[in-house]
Amino acid sequence: MKTFKFIQKGISAILISCLALSSLILTSCEKFLGAKPDKSLAIPTSLRDVRAILDSRTNNEGYPVSGAMAVDDYYLTPKDWAAITDVNARLNYIWDKDDSDEVDWRNSYRTIFNVNVVLDHLDKITFENPTERRIIEGNARFLRAFALYHLSQVFTEPLETDLEQDGLPVRTSADINLPTVRSSLKETYDFIIDELQLASELLPVDVGEYKVRPSKSAAYAMLARVYLAIEEYGSAAKFADLALGQNLVLMDYATLDSEQQNPFPLFNDEVVFHATTAWGATLMPTICKIDTSLYDLYDENDYRKASYFEMNEDGSVAFKGHYHGQSVGTLFIGLAADEVYLISAEANARLGNLHEAEIRMDEFLVKRYANPPNFTDLSKEELLQFIRLERRKQLLMRGDLRWSDLRRFNNGNNGQSFGLLRKLDSEEYRLPPKDLRYTFLIPQSVIQESGIVQNAR
Amino acid sequence: MIRFIFFVSYMALVSLPFLSSAQQKVIRGTVKDAVSGKVLQGSTLRLLSSGETTKSDRQGNFEIQRRLQDSILYVEHVGYQTKELTLDDKSFWEVGLYLDNRIIDEVIVSTGYQQIPKERATGSFEVIDNGLFNRQVSTDVISRLDGIASAVLFDKRKPSNQLFSVRGLSTLTTSNDVDRPLIVLDNFPFEGDLNTINPNDIENVVVLKDAAASSIWGARAGNGVLVITTKKGQYQQPVKISFNSNLTISEKPDLFYEQTLSAQDFIAIERDLFEKGFYDADINNTRNRPVISPVVELLARERSGEINRETVEKQLVTWGKRDVRNDMLRHVYQNAWNRQYALNLSAGSERINYTASLGYDKNNAEVVGNSYRRLSVRNQVDFKPIDKLDIGVGIYYVNAMNETSNGDQIRPSSTKTTLYPYASLIDEQGRHLPIEKDIRASYADTAGGGQLLNWLYRPLDEIALADNSNRSKSLLLNMNVGYIFNDWIRGELRYQYESATQHARNHYSEETYFTRNLINRFTQIGPSGPIYNLPKGGVLDVGSSEMNAHSLRMQLNLDKDLFGTHRITSIMGAEVRQKENTLFNSRAFGYDDDVFTATPVDLISTFPVYGGLSGNASLPGVANPFAGYLDRFVSVFLNANYGIADRYNISFSARKDMSNLFGVNSNNKGRPLWSFGFSWDITKERFWNLQLIDMLKLRTTYGISGNVNNALSANTTIQHFSPSPYLVNLTNLSYATVINPPNPELRWEKIGMFNMGLDFALLSNRISGSIELYRKKASDLLSLIPADITTGFSTLTRNSAILTNRGLDISVNVRLLDKPFRWNTNFLFSVNKNIVEKYLYTPNSLASLVGRGINITAKEGLPAYNVISYRWAGLDPDNGDPRGYLNGEVSKTYSQIVRTNDWNDLVVHGSATPESFGSIRNTFSYKGVSMSLNVTGRFGYYFRRNSISYGALYNNWVSHVDYNERWQQPGDELRTDIPSADYPVNNQRNTFYTSSEVLVERGDHIRLQDVNLNYQINNRINVFMYANNLGILWAANKHRRDPDYYNTLPRPRTYSLGFKIEL
């Protein structure tokens, strides 16, 4: 009994001291255990955090390349084609109906996720300066629209206003538990345009040397690109001209050192917003060759002939006029002044504002030719033809622009639809106008995981 | 009924003494350790005739009633040799017992928190005592456990020799070492580099296998715990000095184990591909000028008319006779020499004891220029200023240096991963020869017209020029104060500081290819000579890391006898731990090692690359120069053992851990973990009178422990990066990546384990051992799951899976022969089967499970590491295409087969890790000579052997002799399963074949692991010889593949010679 009492006493003494000890520990616990385990980690809570998310170069890279790979800007020799190990790239080249590039989908939706993280956290951050918030928000909305638009050129049909067409899943929250649902195509484009309009109001005029960040003129230029693709020429002209009003600069190609491997440096004067596509196996400069008939379109006094092209040892023509300063199998898909000039000219001509169109072309051509060709006294159709030819020559290998143009011309509204043809030895592959293969299949894994509707075949 | 029999026998037993005669005499005495003089408590004293027994008390004293017929007294103590005393008239006996080295079980096991007599433990402990631990020879501690510890399985499929598991897998996460067992050094988790622990400082190693044993380690115990105990001095012990040294020599690695094609065959393939135009794009490539092999270069020169056919043929014949592996063996590899020296000193007086040691290791590895040196110093002092107070102070310092030449890492380019077989590294005159590297050699040789630095790569030069070292210093300081409050409460305060710094230095002098290549790439030839955008001089990479860990523990130990025969022992306490890591990397250009100067450079701007080999690029600086990690834990714990009459033991433990698991609310940070156990020593029952059986103890436990992964977070987390200077730098903006989408339901992984064991000893301890059955259920496992990529993630991590392990561990020790010729056999056998029981997410296609089983591919109902293949339908008799199944039909649509979602198209072989394994260790000894052989076996698993992949052969120069056995003409399909060569290569066809069922083999094999020959010349001098990795005795596969190393080179045999002197 005595032992028992003794134990009781002992245990209670121990318990009390333990309790005292643990409460001492636990009160300071909160702070002690609140420390973050990896010092480079952070929950996005500050301007610096969201700024850094937007500045990640992944948001300027990896945009859809499937369309750019499927155009008639280039060709491969049968041997080079056979030597490509990436099956998707080989299928893409011959417009196989089952070709689908998961990388394109993943990259752009990852950018959309990053942007959504920023937008979701905006209200939790205290900004010292309201302008900072506006810039961040504008930047985020711009990127979301930019990614969605380029996805639409690969994974949705060309817009036809009188049809019920499937658009893209539009994700506006970073919550990964939200279901993936296809919006209608009209809704997709409305969303893209609304976002860009809002961005154009929020973004600053000047982003300094950082052309990886969008500016007001980038938003205008992007709106012009989108409106042109859906053939709303009035709005295209309006936003192209708004963009041009923001002091866009045309380089004088006469001053370029065309001997250089890459005559156009990264962030060159014409670049408004820097962005590049994902890597495409068929676009590797060693195998990607320019058709001589295309090369022959360039006049001898056209500076582009020397600065865009070089001859391979076997006499074939290679392209080096990339606006991102390198030839590595990716393409520049960002916005640049030359495109805006050409949009303005084409849209104005289309609207019948031939004089405005001619002024734009004058301004543009003088920076491209030693002796610009004469194009006065042309009819509207002839002028359009002329502008489109310059567009073809200027925007060669420029992201998915050619692909979007092909989709646009194919509906016949421009009286210029034509099919594409590729040859590999004796095999001929054709992509006729309005073919379903102008829309790529959504990656099978997305269909499986989300249950959304696959594109028609 | 059984209970009734027990009762009757019990009654009979207890009434026996009362029935016998009453002539009595009291014998008193003390029991001590004959060597150290330490009193022994709990020794059993038994009179032969009357059967009267008693135990020695705390002071070693005993008192026993002797009856007339008694003339012999047995004195037994676990771990000691039993003493037989012939009684005379003396009434006071001083009994000295000697340690019994033949019994494996130590008396005391350490859990890191307390010392538990194994006798009273309910949990499952595996003890590797000093003798067994030192049977092997190695520089490190961990690799010695291979083949001698039950339930411990080493995974040799990856290069490290320290990957092991205890009782199978408890998690599906393998990154960040989440699947590794916890390593405890003395009292605290060891956070530093395990290689720094000198095995000569180790007394023993205890493996805590079940929940009752390990759950005191709470949230970190889920994978099992290894407690490494260092040597300690003892009070009242004369000065002991020992010195030992050994030398280990290894054979060169067997390069011919790799089944690569001969040079002649390889050349024939290249000629064929050349004809087909495969190399044309590379040959005509005047931009980045990729590497082309010497044969292709030769053929291209012939085609352009530079040389004639005859020259070509002559050259090719010469090259066809070469094998670069001979050059490698002669000039890149050597016999490894490992030397080890250790000096130990220990002594103790009544109030103070100490132990000190000095160790030095010097290893020259198999690769010329790779070496390791380690110096370790240890000192531990314990003293008792007063009887009730003991204080210990210890310091352990290790200084190690690792030098690496990477001489064996020869990669011609980023895609050409293997050297062509006809390469030559040295010519007859002993001049080191260049090989193709990064850019086409014919271009590199002439580029710049002499204005550039030499651009050729000579592998053997690089070995000599290598100046790449990693120095580490680690310091372990510990202090402990113990105070005895009264005869049953003892308080302890322990503090440990662990610090480890690493300093890596890789100096690429201007003579190295690395530096010459960089300088050349950034050189422009101007009118007035070359302009160096990357300054001439060396490149110096410096990396340093620092780890600091503090641990503080307060603990109360209770030990109290109650009601005469009951006893409670308990510990309770709290601890706080913090571990902080910081890392720093930097690179200097234009470095001059003589005067320690470097040239500042512009890491932001881009510069043209020489010859337009690539687009403009910025100088390759260091990507993420800084990193820091911080782990914090706060824990409270309790462990209690209640013993009744030495027979029944009930144990209970509970622990709560809280950590700074990032972003989780404090509430969710902790999870209480607990265990419960019971043991019953039947032989201590009074009714027990079976003389054949000396010990029979039943144990059963259940408990829950945890597993922490601090790399995950419940909130959206982003990671900041410094501007990335690799490739073309876009801007000098720092940036961040979202690495973790929000997961508010994140919790710790939970491992529940049930264990049932039986310990036994028969025939006067001639046969002893244990049999244990267990079931381990790991739930809430974080697993990577596929996601809809539209969310922005292709995979997510969620607490989603359940994994169970069922297993059996048997360990039996038999003394087959005893004196003068002794023969002991130790038999270990373990079965461990794991099955993924729940896995919520199904992959896109079942085909994504196909693989080699090196990574976890979880699927409900299958082992976590499994081998699954494409079903094989033989070769197409027409063209030798491999055929599989698609939706159950024979098919060659590879693009669909490799995405199949139909089990009919696949074959499940089974586990990729052994489901049973064991060893038989026979030790023969005669007088001072003993020899011990360890034969190990692994069973019940599968592996995939390599074969020819035409894509890898053409694009990466990875060849395989199966090429020669390929299908070449109709009819061949009857003798071979190797597909015909195809061109252009269809990669999915390759994938199908190399992942098909025809390449899967059973991994079962038996291996003679090692032999130890030992000669104890006298009390002081011992010499030994030891041979390791001796070879496979039997293997189930007929392709001469070593199933443990089918993807890497087998570890070469090693031979050791050593001695130990004790003074």
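What follows is a conversation about helix H7 of chain A, the nonpolar cores and the largest cavity of a predicted model.

Biologist: How do you know that the length of helix H7 of chain A, residues 130–155, agrees with what a helix should span?

Modeller: At 1.5 Å a residue, its 26 residues should span 38 Å, and because the C-alpha atoms at its ends lie 37 Å apart, the two values agree.

Biologist: What makes you call H7(A) largely enclosed by the rest of the structure?

Modeller: A residue counts as buried when its relative accessible area is under 20%, and 20 of the 26 residues of H7(A) are buried, so the helix is largely enclosed.

Biologist: Which residues have the most contacts inside the largest nonpolar core?

Modeller: They are A:Phe142, A:Phe146, A:Phe309, A:Leu335 and A:Met361, in a core of 161 residues, and the largest share of that core, 12 residues, comes from H7(A). Leaving aside neighbours within four places in sequence, A:Leu335 is in contact with residues including A:Phe142, A:Phe146, A:Met222 and A:Phe273. A second, separate core of 88 residues includes B:Phe278, B:Val295, B:Trp319 and B:Leu862.

Biologist: What makes an empty space in this model a cavity?

Modeller: A 1.4 Å probe must fit there but be unable to get out, and the search finds 15 such cavities of 30 Å³ or more. The largest cavity has a volume of about 180 Å³; of the 23 residues that line it, the closest to its centre are B:Asp146, B:Gly147, B:Phe917, B:Gly918 and B:Thr936.

Biologist: What is the lining of the largest cavity made of, by class?

Modeller: By class, the lining has 9 nonpolar, 9 polar and 5 charged residues.

Terms used
Residues numbered from 1 in each chain as written. Chains lettered and ligands numbered in written order. Predicted model: local features only at pLDDT ≥ 70, side-chain atom pairs only at ≥ 80, totals over all residues. Heavy atoms only, no water. 1 Å grid on protein atoms, 1.4 Å probe; cavity = no way out; pocket = protein on both sides within 12 Å on 5 of 7 lines; lining within 4 Å. Points joined across faces, edges and corners; volume = space filled by probe spheres on them. Nonpolar A, V, L, I, M, F, W, Y, C, P; charged D, E, K, R; others polar. Helix = DSSP H or I, 4+ residues; strand = E, 2+ residues; numbered from the N terminus. Expected span 1.5 Å × (residues − 1). Buried < 20%, exposed > 50% of the residue type's maximum accessible area, 1.4 Å probe, protein only. Core = buried A, V, L, I, M, F, W, Y, C linked by side-chain atoms within 4.5 Å. Contact = heavy atoms within 4.5 Å.
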